[in-house]
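Student: Could you take me through one part of this structure up close? I would like to start from a single residue and then see how its surroundings fit together.

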Amino acid sequence: MGVTLYTVRVVLNILGEVDYGIYTVVGGVVTMSAFLSDTMTSASQRFFSFELGRSDFARLNQVFSLSFIIYVGIAILVILLAETVGLWFLNTKMTIPSERMATANWVYQFSVFAFVANVLSKPYNAAIIARENMQAFAYISILEALLKLAIVYFLVILSFDKLKLYAVLMFCVTVIVSFSFFLYAYKKYKECKVIYYWDRKLFITLGSYSGWSLLGALSGIAENQGRNILLNVFFNPIVNAAEAIAFQVSNALSQFATSFHTAVKPQIIKYYAGNKTDLMMQLVFKSSKFSFFLLYIFSLPLIFETNFVLNIWLKNVPDYASLFTTLVIVVALINSLSYSMITVAQATGEIRNYQIWVGGTQLLSLPVSYWILMLGYPPQSIMYVAIVFSVIALCFRLMFLKKMVGFNILKYSKQVLMRVVIISVLSYGLLFFIVRVFQEGWIRFFTGGFVSIIVAGLSIFFVGLTTDERVLVIHFLKAKLNRSKP
């Protein structure tokens, strides 16, 4: 997280607000591919985990090989669309300074190449997750962080168009990271060696599931990148830079919650495969709640001190960056409740109607945002639309899970949603009082940060956790303390 925040600061300073905004809206396919890759990885992981649960390794190799063929097809489709519709839209509809249009096309091409490299690595990524090998992810994440630091160094020392150079270097990082996943999985797991195999029925099953998963992923990408494009069409690249900074902060904070969920995803799928519905529901409730808590406890201080932190962090803070950051964090908090629900839906394999309704809801936010901006509302208004539609999407997920697996909405509301709301109101109210008492500065920042962590921590412990969970936490802390004693 620290590396991400540091590199954003330096890159923004080197590129400037306009070029940074151009990269985020034109090269956004790279950043949005992370969202797509997570969803596609989960789609493949679902089938891999099933076969691992059955210990059928021959079948697992067949599933992997057919999955890889599907991903190759997806990559080809992406290239065709990007080199036709995408190029047309870039050169005719987007608001980019004329003197930077050629550079924008350069950025676009390398972003498409990076996207394809990312897509082709996803079956290998999914195999590692299905094996619950989080250590490999940790090492590759460290490699990625070091490479991004190297990008900053090259941007400083090389006398080349900085925006072009940044696009090329980001492409190189994506290729290296993707190849690392491929190499590790290929060497470590026998099932990750592609064989010549054809099973029409299995191919249709995998293709149908991957296709509907892809629809859901593209809906999320269209929502996020669509907002970015709308801001570019109605305003300018500087507003794109503000939104990009907000999403970088949100993504950095969300790493704690997403890493936690990545660890529990395989177990949710295996519980479902083994017809252990009660255990699956318990894990879903806990992971939904803990994902929110992990994100909230780090986000709360920043929500109140966004302006102060951005001015300390960045040399030049784009207009709207502070408000965008706060609103994007709120969206991330709402979405964090859905991580485990998405995994359950994917585990069932019956995701067509789920993806149509939830994905359709996400896409519907775009025409509403367009209408709002047409009426002359300011840029941040589209984030209020995003908050509303995130809540609607959460409600649809709950309703569909009730139909798919008998999800107990009332129990979830009592054990998760009610506790989350109470904790948010209590801790937010106290921090709001502190902000009103002190003037903006280091004293308020440290006081508010300390109090927010204490209050949020205590609220989570006494309100957010069940009795059994509190006992487990106490035993865990006692064990840690005993180990630290000489």
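Tutor: Let's begin with the contacts of M341. Setting aside neighbours within four places in sequence, M341 is in contact with L394, R397, L398, L401 and Y412. Keep in mind as we go that this is a predicted model. M341 lies in helix α12, which covers residues 339-348. Is M341 buried or exposed? Its relative accessibility is 0%, and buried means under 20%, so M341 counts as buried. One of its partners shows how the chain folds back on itself: M341 and R397 are 56 residues apart in sequence, yet their C-alpha atoms are 7.0 Å apart in space.

Now widen the view to the helices. Two packed helices are described by the angle between their axes and the distance between the axes. For α12 and α14, the angle is about 35° and the axes are 10 Å apart. The crossing in which α12 passes α14 is left-handed. On the α12 side, the contact is made by M341, I342, V344, A345 and T348, and on the α14 side by L394, R397, L398, L401, M404 and V405. Sorted by kind, the residues of this contact are nine nonpolar, one polar and one charged. So where does our starting residue fit in? M341 is among the α12 residues of this contact, and R397 is among those of α14.

Let's stay with α14 for a moment, as it lets you try a small check of your own. Helix α14 runs over residues 381-405 and has 25 residues. At 1.5 Å a residue it should span 36 Å, and its end C-alpha atoms are 36 Å apart, so the expected and modelled lengths agree. Just after α14 comes G406, which takes a positive phi of about 70°.

Back to α12, which has another neighbour to look at. The axes of α8 (residues 237-273) and α12 come within 9 Å and cross at roughly 30°. An angle under 35 degrees counts as roughly parallel, and α8 and α12 are therefore roughly parallel to each other. Here α8 passes α12 in a right-handed crossing. Which residues meet in this contact? From α8 come A257, T258, H261, K265, I268, I269 and Y272, and from α12 come Y339, S340, T343, V344, A347 and T348. The residues of this contact divide into seven nonpolar, five polar and one charged. Look for V344 and T348 on your screen: they take part in the contact with α8, and V344 and T348 also belong to the contact with α14.

For another example of helix packing, turn to α9 (residues 277-304) and α16 (residues 442-464). Their axes come within 8 Å and cross at roughly 160°. Since angles over 145 degrees count as roughly antiparallel, α9 is roughly antiparallel to α16. The crossing of α9 and α16 is right-handed. From α9, the residues in contact are K289, F293, Y296, I297, L300, P301 and F304; from α16, they are R444, G449, S452, I453, A456, G457, I460 and G464. This contact of α9 with α16 has nine nonpolar, four polar and two charged residues.

A few single residues from other helices are worth finding too. T326 is found in helix α11, residues 321-336. T326 has a relative accessible area of 18%, so it is buried. Not counting residues up to four places away in sequence, T326 touches I303 and T306. S180 sits in helix α6, residues 162-188. With a relative accessible area of 16%, S180 is buried, and beyond residues up to four places away in sequence, S180 touches I140 and L143. K411, in helix α15 (residues 409-437), has 43% relative accessibility and counts as partly exposed. The C-alpha atoms of K411 and F285 are separated by 9.3 Å, although these residues are 126 residues apart along the chain.

Finally, place these details in the whole chain. Its secondary structure comes to 17 helices and zero strands. Of its 486 residues, 52% count as buried. Among contacts with a separation of 6 or more, 82% are accounted for by residues 24 or more positions apart. The pair M341 and R397, 56 residues apart in sequence, is one you can now find for yourself.

Definitions and conventions. Residues are numbered from 1 along each chain as its sequence is written. This is a predicted model: local features need pLDDT of at least 70, side-chain atom pairs count only at pLDDT 80 or more; totals for chains, interfaces and linings use all residues. Side-chain values use heavy atoms; hydrogens and water are left out. Axes are lines fitted to C-alpha atoms, for helices over the stretch in contact, and angles run from 0 to 180 degrees between N-to-C directions. Helices (H or I, at least four residues) and strands (E, at least two) are DSSP runs, numbered from the N terminus. Angles under 35 degrees count as roughly parallel, over 145 as roughly antiparallel, 65 to 115 as roughly perpendicular and the rest as oblique. A crossing is left-handed if the near helix is turned anticlockwise from the far one by less than a right angle, and right-handed if clockwise. Contact means heavy atoms within 4.5 Å. Ala, Val, Leu, Ile, Met, Phe, Trp, Tyr, Cys and Pro count as nonpolar, Asp, Glu, Lys and Arg as charged, and the others, Gly among them, as polar. The expected span of a helix is 1.5 Å times one less than its number of residues. Buried means under 20% relative accessible area, exposed over 50%, partly exposed in between (1.4 Å probe, protein chains only).
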